[in-house]
Amino acid sequence: PPSLLSTPTPQDLRKAMELFDAAIKQGPRHSASWLAKAQLLWELGRKKEARECFQTAVQSNTDNEVLWHAWGVAEKRDGNFGVARKLLRKATELNPR
C-alpha cells in the first residue's frame, strides 16, 4: 500500500476528483467536499477551476466561514491581497471569534 507521505500519482488525483464529484452530486451543499475539491484544484495549478469551485461552494453555503476563510488564504498565497482581504473579512464577519 502507498505511504500517506508518498506523492500521489495522476491516477490517485483523478480518483480523488471523481470521489469529490460523487460526494458533491450526492450532497450539493456538502461544504467539506467543495472545499477539498477546490483545494486540490488549486494545488494542481487549476486556479480558475478552483475559484469557480469556491464560488459555487460559497453560493450554496453563504454562512460557512470556513469556505470563505480557505478561499481567502488561497488568494493570499497567490498574492491577490485585495481579494484575500475581502474574503477573509467575510469569514470574520460570519465568525468574529
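In which helix is Val-58 found? Look along the chain and you'll find Val-58 in helix H3. Keep in mind as we go that this is a predicted model.

Let's stay with Val-58 for a moment. With a relative accessible area of 2%, Val-58 counts as buried, because the cut-off for that label is under 20%. So what does Val-58 touch, once we leave aside its neighbours within four places in sequence? Its contacts are Leu-67, Trp-68 and Trp-71. There's also Leu-35 to look at: 23 residues separate Leu-35 and Val-58 along the chain, and their C-alpha atoms are 9.7 Å apart.

Now zoom out to the helices themselves. Two packed helices are described by the angle between their axes and the distance between the axes. Here, H3 covers residues 47-60 and H4 covers residues 65-77; they pack at an angle of about 160°, and their axes are 10 Å apart. Angles over 145 degrees count as roughly antiparallel, so that is how H3 runs relative to H4. The crossing of H3 past H4 is left-handed. On the H3 side, the contact is made by Arg-51, Phe-54, Gln-55, Ala-57 and Val-58, while H4 brings in Leu-67, Trp-68, Ala-70, Trp-71, Ala-74 and Glu-75. Sort these residues by class and you get eight nonpolar, one polar and two charged.

Next, slide into the loop between H3 and H4, where you'll meet Asn-61. Is Asn-61 buried or exposed? Asn-61 has a relative accessible area of 5%, so it is buried. Not counting residues up to four places away in sequence, Asn-61 touches Arg-29, Ser-31, Leu-67 and Trp-68.

Ser-31 takes us to helix H2, which runs over residues 31-43. Here's a quick check you can follow: at 1.5 Å a residue, the 13 residues of H2 should span 18 Å, and the C-alpha atoms at its ends are indeed 18 Å apart, so the two values agree. Quite a few residues of H2 are buried, among them Trp-34, Leu-35, Leu-41 and Trp-42. What do the buried residues of H2 pack against? Their partners are helix H1 (10-26), H3 and H4.

Ser-33 makes a nice close-up, as it also lies in H2. Ser-33 is buried, with a relative accessible area of 6%. Its contacts, not counting residues up to four places away in sequence, are Phe-20, Ala-23 and Ile-24. Finally, look just after H2, where Gly-45 takes a positive phi of about 85°.

Terms used: Residues numbered from 1 in each chain as written. Predicted model: local features only at pLDDT ≥ 70, side-chain atom pairs only at ≥ 80, totals over all residues. Heavy atoms only, no water. Axes fitted to C-alpha atoms, helices over the stretch in contact; angles between N-to-C directions. Helix = DSSP H or I, 4+ residues; strand = E, 2+ residues; numbered from the N terminus. Parallel < 35°, antiparallel > 145°, perpendicular 65-115°, else oblique. Left-handed = near helix turned anticlockwise from the far one by under 90°. Contact = heavy atoms within 4.5 Å. Nonpolar A, V, L, I, M, F, W, Y, C, P; charged D, E, K, R; others polar. Expected span 1.5 Å × (residues − 1). Buried < 20%, exposed > 50% of the residue type's maximum accessible area, 1.4 Å probe, protein only.
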